[in-house]
Amino acid sequence: MEKNADGNNMMKEFYIPTYIFAPESPVEHVSQIPTCPVIVFINTKSGGLLGRNLIVTYRKLLNHAQVFDLLDEAPDKVLHKLYSNLERLKHGGDTLASEIYRRLRLIVAGGDGTAGWLLGTVSDLKLAHPPPVATVPLGTGNNLPYSFGWGKRNPGTDQDSVISFLQLVRESREMNIDSWHIVMRMESPKGSPCDPIAPPDLPHSLHAFRCVPKTDPQDMEYSYTYRGGFWNYFSMGMDAQVSYAFHSERKLHPEKFKNQLSNQKQYLKLACTQGWFCASLFHPMSRNIACLAKVKIMKKSGKWETLEIPQSIRSIVCLNLPSFSGGLNPWGTPSKRKQRKRDLVMPPLVDDGLLEIVGFKDAWHGLVLLSPKGHGTRLAQAHRVRFEFLRGATDHAYMRMDGEPWKQPLPTDDGKVVVEISHTGQVKMLATKDCIAKGIHESCPAISTIHPDSSSSDDTDDDFEEERRNFGAALSFRYTGDVNKQ
């Protein structure tokens, strides 16, 4: 009985009463102010049965009202309602509401794409005091949880495992990481075979922004614009193609993807069948990065410059965190001599306003990362990146953001596709003592963050200014029209 009493007392540190979420509920007087109030978002489709088991355990330990199934309730609606009610209660003199507002922490259980969905929502809601986020590794790669010390293996779903995780959340520290905004614009003649991406095929982190005809309905060109964000990586090429095959197969045959181990086996099998290990035989040169697109980068100078991509590179990764493909670090640790030779500003940090751009030739090249000093082909560090796709190279390319892939149509005629990545603020993550991500203050307190003013570039595309205001993760900012109507 004493053990149960101790457990119940500990759970009070995380407990949020129902009236905080529901204005119509009667005010509940609690015996103690929670030191670490949490809201839990769980993608019950993640991890096979683990997501469903995990939500049952959390709801047993906490108030049912503070644990949400992302299949039933979108995070923007939950948070918008919560913060509206908190503000009302605070102005009414409710001390508990004020403390919850100040101390609130979020937990998200799912894959990297699910975590990115919540991070985009928190960013879009423009909260005066945004809550930090802890990530439960419920996906296949789990790069975000691994980077901040939460592990990369799927967790236990029993009460002891969940209590241990909650204790880590209480003890964890806040850490800022860069947010990266992506805008993709497709322009193609009316009736072109280059169709827009159907909404069901979009990843959680990419959203249709608008579909407008140029000047008037008689004009032949139509523009489709998408926007979104990422916190770990954006990639394009063969790695994204394998990931797309994996996700497509999982949709068709979910029974084959019951747990993390079976998922990883299926992933390796698809990497072989897609030709990633024999790319020189199965992968046409026309899909090598240099043949697909012209790549431009903006460094601290604020000027666009062309990035030379070796002809052998079949996959390119724009990396923010030190974890890719299940915990591998593609950038590695370049020596000081290589840093000077390649004009690398500093070691990779998660809050320095820079992306590390890495290239890979094939899967064998990727396996080099398993060695202690292995790394991909270091191409550059940049504050902004722009891909201008070349006409007629191929009719599609594969892209991926934070674990979520899609097949991007490309025009074979006079159309144009441009993808631009830019730095857009920061979000707060929660990190444990096992965190491998490094920030500016942990690395060198004297270093200042590099955030050049993009408006200083005389080659900046001002047409993207409106799109960059939000990530589009919150429904209130998302274009909801059917892009296929035109």
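Two strands count as paired if DSSP finds at least two bridges between them, and strands themselves are DSSP runs (E, at least two residues; helices are H or I, at least four), numbered from the N terminus. The views below come from a predicted model, where local features need pLDDT of at least 70, side-chain atom pairs count only at pLDDT 80 or more, and totals for chains, interfaces and linings use all residues. Residues are numbered from 1 along each chain as its sequence is written, and side-chain values use heavy atoms, with hydrogens and water left out.

**View 1. Strand β12 and its two neighbours.** Here β12 runs antiparallel to β11 (residues 315-319), with 5 bridges joining them. Another 5 bridges tie β12 to β13 (residues 377-382), again antiparallel. Look for V358: its bridge partner V317 comes from β11, and V358 also stands opposite R378 in β13.

**View 2. Both faces of β12 tucked away.** Of the 6 residues in β12 (residues 355-360), 6 are buried, meaning under 20% relative accessible area with a 1.4 Å probe, protein chains only (exposed is over 50%, partly exposed in between). One side shows L355, I357 and G359, and the other E356, V358 and F360.

**View 3. Helix α3 and what it leans on.** This helix (residues 75-91) has 17 residues and reaches 24 Å from first C-alpha to last, close to the 24 Å expected (1.5 Å times one less than the number of residues). Its buried residues include P75, L82, Y83 and L89. They pack (contact is heavy atoms within 4.5 Å) against β1 (38-42), β2 (67-69), α4 (95-103), β3 (105-110) and α5 (112-124).

**View 4. Just past α3.** After the helix comes G93, with a positive phi near 85°.
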